[in-house]
Amino acid sequence: MRRRPGLLLVILCLLTACSSEKPPLAFGVALHGAVTAEAMERAAALAGVTPSLVSFYVQWPGEPRAEGFPAACLETAERAGAVACVTWEPMSVAGDVENAVPAGRILSGEYDPYIDHFARAARDFGRPLILRFAHEMNLARYHWGTSAEEYGPASPDLYKRMFRHVRQRFRAQGAGNVLFAFCPNAESIPAAPWNTLEAWFPGADEVDVLGMDGYDWGRTRTHAEHGWDSSPRSFVSVFKTARKALLPLDPGAPLLVFETSSADAAGKAEWLASAVKTAGDWGLAGLVWFQAEKEADWRLPEGGVSEGLRDRLAAPRTWRVWLHSLAIERRGG
């Protein structure tokens with residue numbers, strides 16, 4: 001049978017990617033809002049590189065219904081050459097009020113029609129997709145599955161049960177192209193014996209990608225106004241402890257930073273350069289910059305990734321091929 005040259009090239013790339021000692025490093029952006037062509041073009045212009053990965057946020061409906069898949073955002077990311085990461089938040093938002101979906105409604109199967117619809121749509125999308133379900137679970141800020149008052153020693157077990165339930169629904173729908181990410185915050189708040197990264201981990205059978213989020217808040221937070229005082233921190237300082245805790249949980253899984261930035265406007269370009277260099281030295285598979293002005297101005301600095309560091313980053317196609325090979329290896333997708 002005659003094989004197409006393009007297919008041979010893809011197979012060669014797959015073999016090369018699988019044989020490398022460490023994964024290629026993707027540079028990505030996290031958008032606080034819809035993925036639009038304008039937002040992607042602006043991020044690429046600021047970064048000085050085409051993002052290989054774009055992360056965005058999707059909340060669950062207040063009542064379960066078989067709809068709500070972000071097809072337009074995924075297609076926009078695809079046209080921009082980026083792999084999509086859906087940060088899937090099991091909470092509904094009414095006005096400015098966030099309401100976590102009670103764990104009982106998820107575990108009882110009440111939300112299965114919504115989960116199954118999402119899984120089938122993701123499967124039919126047909127391309128590699130990262131799903132970051134209930135991220136930063138080790139922050140009281142989110143208290144997934146419970147009220148804020150109920151967040152405590154019983155929360156890690158409840159979280160793991162929710163994660164496994166959702167993952168199993170995707171498996172039942174044949175969504176092997178979806179890679180599930182376990183992504184805690186780099187620092188647990190509150191700091192308590194029960195609130196360790198290991199305590200929340202759902203298991204290597206349910207997780208494909210390890211992740212971590214963390215920020216340099218500079219001096220933007222004060223005790224008088226925010227209840228705590230922040231001070232400048234390097235990329236290494238933010239992530240070294242979480243990295244040490246995460247890697248042994250599943251040594252075969254790649255590790256990405258899914259959210260990071262620095263609030264220090266004067267030193268932001270230098271901080272980004274240090275982050276890219278360290279991510280490459282650590283063998284991370286991805287570094288995603290939070291491209292938004294929210295609690296602080298987290299947006300990319302002028303000049304973006306310095307020219308001398310761009311050769312450390314994978315081209316979007318190279319990273320996509322590597323991710324596809326990972327999906328085949330981990331889940332047969």
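Helices α5 and α6 are oblique to each other, because their packing angle of about 50° falls outside the ranges that count as roughly parallel, roughly antiparallel or roughly perpendicular. The model examined here is predicted. Two packed helices are described by the angle between their axes and the distance between the axes. For α5 (residues 112-125) and α6 (residues 155-172), that distance is 9 Å. The crossing of α5 past α6 is right-handed.

Residues from both helices build this contact. On the α5 side stand Asp-112, Ile-115, Asp-116, Phe-118, Ala-119 and Ala-122. They meet His-165, Val-166, Arg-169 and Phe-170 of α6. By class, the contact of α5 with α6 has 6 nonpolar residues, 1 polar residue and 3 charged residues.

A second helix pair joins α9 (235-246) and α10 (residues 268-282). Their axes lie 10 Å apart, and the packing angle is about 30°. Angles under 35 degrees count as roughly parallel, and α9 and α10 are therefore roughly parallel to each other. This crossing, of α9 past α10, is right-handed. From α9, the contact takes Phe-235, Val-236, Phe-239, Lys-240 and Arg-243. From α10, it takes Trp-271, Ala-275, Thr-278, Ala-279 and Trp-282. The residues of this α9 and α10 contact divide into 7 nonpolar, 1 polar and 2 charged.

Helix α9 also takes part in the largest pocket. The space in this pocket is about 1,200 Å³. Its lining counts 40 residues. Closest to the pocket centre are Glu-136, Leu-139, Asn-185, Tyr-215 and Trp-217. Three elements give two or more residues to the lining: β2 (53-59), β4 (91-94) and α9. The most comes from α9, with 5 residues. By class, the pocket lining has 18 nonpolar, 11 polar and 11 charged residues.

The model also holds an enclosed space. The count comes to 1 cavity of 30 Å³ or more. The largest cavity has about 40 Å³ of space. Its lining is made by Met-91, Glu-98, Ala-100, Arg-141, Tyr-142 and His-143. Of these lining residues, 3 are nonpolar, 1 is polar and 2 are charged.

Two details of the backbone complete the description. Most residues other than glycine have a negative phi, and most peptide bonds are trans. The bond that joins Ile-189 and Pro-190 is a cis peptide bond, with omega of about 5°. Pro-190 sits in the loop between β7 (178-182) and α7 (197-200). Ala-134 is not a glycine, yet its phi is positive, at about 50°. This alanine, Ala-134, lies in the loop between β6 (129-133) and α6. Helix α6 is the partner of α5 in the oblique packing described at the start.

Technical notes:
Residues are numbered from 1 along each chain as its sequence is written. This is a predicted model: local features need pLDDT of at least 70, side-chain atom pairs count only at pLDDT 80 or more; totals for chains, interfaces and linings use all residues. Side-chain values use heavy atoms; hydrogens and water are left out. On a 1 Å grid over the protein atoms alone, a cavity is a set of points where a 1.4 Å probe fits but cannot get out, and a pocket is an open set with protein on both sides within 12 Å along at least five of seven lines; lining residues have an atom within 4 Å of a point. Grid points are joined across faces, edges and corners, and a volume is the space filled by probe spheres set on the points. Ala, Val, Leu, Ile, Met, Phe, Trp, Tyr, Cys and Pro count as nonpolar, Asp, Glu, Lys and Arg as charged, and the others, Gly among them, as polar. Axes are lines fitted to C-alpha atoms, for helices over the stretch in contact, and angles run from 0 to 180 degrees between N-to-C directions. Helices (H or I, at least four residues) and strands (E, at least two) are DSSP runs, numbered from the N terminus. Angles under 35 degrees count as roughly parallel, over 145 as roughly antiparallel, 65 to 115 as roughly perpendicular and the rest as oblique. A crossing is left-handed if the near helix is turned anticlockwise from the far one by less than a right angle, and right-handed if clockwise. Contact means heavy atoms within 4.5 Å.
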